[in-house]
Amino acid sequence: METAVLLSGGPDSAVLAHDLVHRGGDVVAIHLELGVAESPAALRCATAVSAALGIDLVRLDLAPGGAREPRSGRSQGDAGRAAEPAFGEALSVAASTAATLGAHVLACGVHHGEAVFRGNQRHAFDALAASVSIDVGRHLVITTPYLGMTKAEVLLRGVGLGVDVASTWSCTEGSTVHCGRCPSCATRRAAFGDAGLVDTTPYARAVAAGGGSRPGVHARR
């Protein structure tokens, strides 16, 4: 096992998974099931991406009351019960799982403008990786290849790789259709506009997107 990728089912992680497989090497995907305001569509998108790439998908149940263990047939044992996790805690569990599965690298698709883990400071990811490495007894690195890129730039990279970025999932309202009004939906729409891509994502409610779109340019595979 060479690399594990954190695959939420969103556009950034989907693009990163394609990027890693395109570069070659042994890749496994890890999906965190957080439970809170999470739509089944997130797992569905992550499953579709991993299936299209031909890589294994390891599901970690981090929902309140859920068992923190892989759910793909790769046994790791019962690691206890999870409280509602902050992203730092969830990332720590993912990193430990990646190392246990034999990966030397955990890739995370965070981009410029996000602040999901300690403000996305590179040294925070390095510190967490060092801590996990000591805990599991093997060296692990957490990489963030898109940390210097905007979400719009990540979308364009995905289009260049043939990723159907419009089929990914971003909404945090727990619905089966993008709500169109939560911060994640607004950020998604703005990124499509800034990238000059036509967003074909169905939204329950229209929200003005930032930027413009170039005629004839679509998010397509």
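Which backbone oxygen does the side chain of Asn120 reach? In this predicted model, the partner is the backbone oxygen of His111, at 3.4 Å. Asn120 sits in the loop between strand E4 (105-107) and H4. Its relative accessible area is 9%, under the 20% cut-off, so Asn120 is buried.

A second buried loop residue is Cys179. Its place is the loop between helix H5 (151-160) and helix H6 (183-195). Cys179 has 4% relative accessibility and therefore counts as buried. Leaving out residues up to four places away in sequence, Cys179 touches Cys171, Glu173, Cys185, Ala204 and Arg205. One of these contacts, Ala204, is 25 residues from Cys179 in sequence, yet their C-alpha atoms are 4.9 Å apart.

The two loop residues compare as follows.

| Residue | Loop between | Relative accessible area |
|---|---|---|
| Asn120 | E4 (105-107) and H4 | 9% |
| Cys179 | H5 (151-160) and H6 (183-195) | 4% |

Now the nonpolar cores. In soluble globular proteins, nonpolar side chains tend to be buried together. The largest nonpolar core here has 29 residues. Ile30, Leu32 and Leu106 touch the most other members. At least two residues each come from strand E1 (3-6), strand E2 (27-33), strand E3 (57-61), helix H3 (87-100) and helix H4 (122-136). H3 gives the most, with 7 residues.

Leu32 shows the reach of one member. Neighbours within four places in sequence aside, Leu32 contacts Leu6, Glu38, Leu60, Leu62, Ala90 and Ala94. A second core is separate and holds 27 residues, among them Leu16, Leu53, Ala152 and Val165.

Note on methods: Residues are numbered from 1 along each chain as its sequence is written. This is a predicted model: local features need pLDDT of at least 70, side-chain atom pairs count only at pLDDT 80 or more; totals for chains, interfaces and linings use all residues. Side-chain values use heavy atoms; hydrogens and water are left out. A nonpolar core is a set of buried Ala, Val, Leu, Ile, Met, Phe, Trp, Tyr and Cys residues joined through side-chain atoms within 4.5 Å. Buried means under 20% relative accessible area, exposed over 50%, partly exposed in between (1.4 Å probe, protein chains only). Contact means heavy atoms within 4.5 Å. A polar contact is a pair of N or O atoms within 3.5 Å; within protein, one must be able to donate a hydrogen and the other to accept it, and residues adjacent in sequence count only if both atoms are side-chain atoms.
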